[in-house]
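Let's talk through how the labels on a model like this one are earned. Here is what we will be looking at.

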Amino acid sequence: FPVENIRNFSIVAHVDHGKSTLADRLLELTGTIDKTKNNKQVLDKLQVERERGITVKAQTASLFYNCEGKQYLLNLIDTPGHVDFSYEVSRSLSACQGVLLVVDANEGIQAQTVANFFLAFEAQLSVIPVINKIDLKNADPERVENQIEKVFDIPSDECIKISAKLGTNVESVLQAIIERIPPPKVHRKNPLRALVFDSTFDQYRGVIANVALFDGVVSKGDKIVSAHTQKTYEVNEVGVLNPNEQPTHKLYAGQVGYLIAGMKDVTEAQIGDTLCLHKQPMEPLPGFKSAKPMVFAGMYPLDQSEYNNLKSAIEKLTLNDSSVTVHRDSSLALGAGWRLGFLGLLHMEVFNQRLEQEYNASVILTTPTVPYKAVLSSSKLIKARRAVQKNMIFIDQNRVMLKYLFPLNEIVVDFYDSLKSLSSGYASFDYEDAGYQTAELVKMDILLNGNTVEELVTVVHKDKAHSIGKAICERLKDSLPRQLFEIAIQAAIGSKIIARETVKAYRKNVLAKCYGGDITRKMKLLKRQAEGKKKLRKIGNVEVPKDAFIKVLKTQ
Ligand code: GDP
Ligand code: MG
């Protein structure tokens with residue numbers, strides 16, 4: 001396939017603006033999938049994507065399109081829109097020369113429209129603005145055109161107005177892809193350089209690497225080497241994604257496809273790695289910035305005997321989602337497990353759900369926390385406000401873009417939901433890392449009859465300590481069984497008690513069912529009670545069942 005007839009592009013948009021629907025129409029128009037079928041977000045292959053109706057994984061599809069007697073190869077990469085998955089977006093963009101920026105004709109420019117535009121702009125890609133959903137009653141494409149001109153400096157006559165749902169004017173999107181997006185700049189005569197931009201693990205075939213070829217050719221039987229590990233492999237299969245895998249004889253520079261080369265171990269296929277021919281090793285391609293996790297949570301097997309199974313499930317899933325970081329960890333209460341880093345809360349939930357659905361794992365996930373750096377100096381004396389306004393841009397009369405500096409832990413858990421309900425769903429939100437800031441944080445201990453519970457020590461902001469401490473004490477009260485004596489549950493900062501709950505005394509009378517004086521039966525029951533207690537952890541004189549920790553530590 002001549003390089004000048006290849007276009008590599010991606011579709012980016014704010015969530016729900018219609019990327020996946022537009023992808024369906026493009027697949028139909030190019031005959032890649034059958035038009036008669038009731039196609040709905042066909043690129044969303046994962047169960048979690050179907051259930052939540054969102055895209056979490058970038059997907060690749062190769063389309064063939066005839067235009068003025070020439071056949072074109074269009075490689076489409078559908079991307080997730082939610083802020084937590086922008087790492088997927090930026091990785092996909094490295095294999096593209098242009099993007100379709102889809103904007104809802106009713107909602108106009110939203111937070112992730114802006115974020116995605118700048119990802120594409122920084123990567124110096126051609127941006128084709130597509131105003132979607134013009135069939136809606138309240139659609140106002142002219143207003144959106146003006147927004148696009150004002151915010152992105154793209155002339156309004158470059159906007160293509162479509163209805164992805166009805167298929168209206170989608171042909172002109174294909175035309176624009178051919179006219180406005182340049183072919184990839186690649187060299188077929190040079191030795192092979194293939195960028196691994198994604199990979200998945202197949203139980204039977206091992207690692208399936210998604211590759212973009214920048215130089216050369218690769219075919220079945222070639223001996224290749226990984227620039228990252230220096231290991232060599234023989235290529236078993238190459239092909240394109242249509243959107244399902246379709247083997248081909250060769251892949252040429254400019255093409256996007258997949259490659260299977262007997263990589264059996266999940267650690268062998270690094271995303272961002274460059275694959276070269278064994279006999280002609282080359283300088284590796286730049287690769288990717290590694291993702292920076294923002295939210296951390298502990299993950300433990302529900303049963304310790306499941307540890308090894310869960311370990312292998314996590315390894316396989318992180319291969320497919322390389323933005324998750326994994327460190328071994330252990331907890332007094334929950335046993336051996338891991339500390340996982342995610343890009344956001346939704347990302348964490350989706351990862352958890354995929355573990356359950358795709359790997360049948362049952363796990364305990366602890367309440368997420370964000371990273372802090374502790375500096376031991378008097379500068380914490382500085383009064384830090386929790387949010388600082390940075391700038392404000394009016395997108396049009398009705399919409400304004402506000403930029404704030406926020407402490408991450410304030411936005412991580414429920415900020416997005418509160419913002420949505422406060423603004424009746426009108427506001428949208430995106431964030432990027434602004435580095436560490438000083439803040440007045442305190443270490444909060446949870447005490448049971450005066451003894452610290454190591455498992456429950458947390459770092460919180462001074463102003464929030466009271467309410468968080470109170471909530472933890474209440475949850476603990478609900479999950480602690482009554483014991484022979486009263487239990488004081490306290491939250492403390494240093495020596496200062498900030499919250500307290502009490503569990504009243506109660507005697508569990510195991511002898512109640514013993515009528516006569518049968519001493520052996522009495523002893524047996526008392527022994528059984530003692531054994532039951534071994535599953536408990538003793539903190540001072542208070543016995544805490546594993547359950548109670550799980551209830552306090554778990555999300556929700
Ligand atoms: P994505 O999150 O950007 O991938 O958006 P989807 O393609 O999943 O679409 C989100 C919702 O908008 C779905 O319910 C679609 O049926 C709907 N939708 C997409 N395009 C159009 C359109 O042109 N007109 C109308 N009325 N609805 C659309
Ligand atoms: Mg989608």
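**How the labels are earned**

Q: What makes β8 and strand β15 (residues 256-260) a pair?
A: Two strands pair if DSSP finds at least two bridges between them, and β8 and β15 have five, in the antiparallel sense. Strands here are DSSP runs of E with at least two residues, helices are runs of H or I with at least four, and both are numbered from the N terminus. One bridge partnership joins Ile-208 to Ile-260 in β15. As for the ground rules, this is a predicted model, where local features need pLDDT of at least 70, side-chain atom pairs count only at pLDDT 80 or more, and totals for chains, interfaces and linings use all residues. Residues are numbered from 1 along each chain as its sequence is written, chains are lettered from A and ligands numbered from 1 in the order in which they are written, and side-chain values use heavy atoms, with hydrogens and water left out.

Q: How do you know that strand β7 (residues 193-202) and β8 pair?
A: Nine antiparallel bridges link β7 and β8, and the pairing rule asks for at least two. Ala-194 sits opposite Leu-213 of β8, and three residues lie between the two strands of this hairpin.

Q: Why is strand β8 (residues 206-215) called mostly covered?
A: Buried means under 20% relative accessible area (exposed is over 50%, partly exposed in between; 1.4 Å probe, protein chains only). Nine of the 10 residues in β8 are buried.

Q: What is the span of helix α4 (residues 111-122), and what is expected?
A: The expected span is 1.5 Å times one less than the number of residues. For the 12 residues of α4 that gives 16 Å, and the helix reaches 17 Å from its first C-alpha to its last, close to expectation.
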